[in-house]
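Trainee: Got a minute to walk me through this one? I'd like to start with how the inside is packed.

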Amino acid sequence: MAPAAESLALVRGGNRCEGLLQVQSLGQQGLVCGDHWGLGEASVICRQLGCGRALYVPTYVVWPQEAQQSLLQGVQCQGVEASLWDCSLGKWGSLNGCKCECIGAVHCSGRTGLASLGLRGGGSPCAGTPVIRITEGPVISCGLHQKEASVFCRRLGCGPALQASRPHLTGHPGWLGSKVISCQGTESSIFNCRFNLNFLDHCDLPTDSEVVCAGHTEARLVGGEHPCAGRLEVRRGLTWGTVCHADLDLATAHVVCRELQCGAAASTPEGARFGRGSGPAWTEAFRCAGNESLLFHCPRARGSQCGPGRDAGLRCTGEKFRLVNGSSSCEGRVELQVQGSWAPLCATHWDIADATVLCHQLNCGSAVAAPRGGHFGDGDAAIWPDAFHCGGTEPYLWNCPVSTLGVPACAPGNSASAVCSGGCNQGCGGGG
């Protein structure tokens, strides 16, 4: 039984079952050197604290403020001991008088939940900027080298890393080879690697490329008149390829449009309407239910063998249209939202037939007029250079033939407008 004067606790974490190990022993109190730590030592500590099993054993390069404090060095356990006091404890010493580089930490299963990691902004959960949170401390968002990226991707269930971030730390020239996170490459989790938070404030994310894992999948539309129309190409890992027209059903088309922030699918033109792709033709088809947020989440099955000119094309609704700066939401300047931003539409080739389709689309009746020349103001954004060529009976603007104007695309202030017969104050202007 441990003497009353001996105690241990996990401190600076989010709860009593995670944090840096602090012990009181041999008349002294302080943190523990973690240079040679592993799951053996962590298992004993978690068991002794009644915190379940050991999950992670991160180590932290000693912070300057810890340099004068005493550290317990040389702690070694087999993993079967009933308590830390049955392990080899080593001796106390200050950082200045020893060779200890890292402080030991433990994360147990008993009350965990604050540790998290992910890739952000890369088009799927398997690509993007690494974001790591270990405790209630700082969020680590810094680039990763190849070994660290490999551990990260495996932990996410995304397969091996195909591309690391090639991070660069700003500051002292001597930091060129330094890392915020250092792994051997064989760890089961990034949380078992070494962290040097002394460099955390010097991450230069704008210079870092994204981490890409083998499981990454994302979509894009190429060769169309606007970003929400074109030949469907799918990126798997680092390679872009085309999809066979026969493998693109309406449910999958809706998911692609949603992923691209382009609303819903309007049509899926067949053949080489948007040109031929230069990459491989994927023979694996997506079988989406239609409610998925990303193509990445859709099940997959064997696809078709696609011949020349049989690439899939897709037109999305372009997100939304609205009428602004009028006396009601059924009259005003025509604006469209593409990939999250609103822009006025050019008035070149805009006529009463186009306005009629838009009024019907917005549940605002029929078009009464289609004033030109910025009748309802110019707006702050650049004018969008698409021109619609509607007959007046189409259910939606994107069902009309569309062309992109040349350069200069549209004179400043020449924004399209519409006045609809509906004159409603609510319920109009949100058609998508």
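Mentor: Sure. First, a term: a nonpolar core is a set of buried Ala, Val, Leu, Ile, Met, Phe, Trp, Tyr and Cys residues joined through side-chain atoms within 4.5 Å. Also keep in mind that this is a predicted model.

Trainee: OK, so how many residues does the largest nonpolar core have?

Mentor: The largest nonpolar core has 38 residues. Ile132, Ile140, Val180, Ile181 and Ile190 have the most contacts inside it.

Trainee: And which elements each supply at least two residues of this core?

Mentor: β4, β8, α2 (146-155) and β14 (211-213) each do. α2 gives the most, with four residues.

Trainee: What about a second core?

Mentor: A separate one of 26 residues takes in Leu323, Cys390, Leu397 and Ala416, among others.

Trainee: Switching to α1: which of its residues are buried?

Mentor: In α1, residues 39-49, the buried ones are Glu41, Ala42, Val44, Ile45, Cys46 and Leu49. Their cover includes β1 (7-11), β2 (18-25), β4 (54-56) and β8 (102-108).

Trainee: What happens just after α1?

Mentor: Glycine 50 sits there with a positive phi of about 70°.

Trainee: Now sheets. In what order do the four strands of the open sheet come?

Mentor: β9-β10-β14-β11, with antiparallel pairing. β9 (116-121) and β11 (161-163) are the edge strands, each pairing on one side only. From one strand to the next, the twist averages 50°.

Trainee: How many bridges join β9 to β10?

Mentor: Six, with β10 covering residues 127-133. Glycine 121 stands opposite glycine 128 of β10.

Conventions: Residues are numbered from 1 along each chain as its sequence is written. This is a predicted model: local features need pLDDT of at least 70, side-chain atom pairs count only at pLDDT 80 or more; totals for chains, interfaces and linings use all residues. Side-chain values use heavy atoms; hydrogens and water are left out. Buried means under 20% relative accessible area, exposed over 50%, partly exposed in between (1.4 Å probe, protein chains only). Contact means heavy atoms within 4.5 Å. Two strands pair if DSSP finds at least two bridges between them. Axes are lines fitted to C-alpha atoms, for helices over the stretch in contact, and angles run from 0 to 180 degrees between N-to-C directions.
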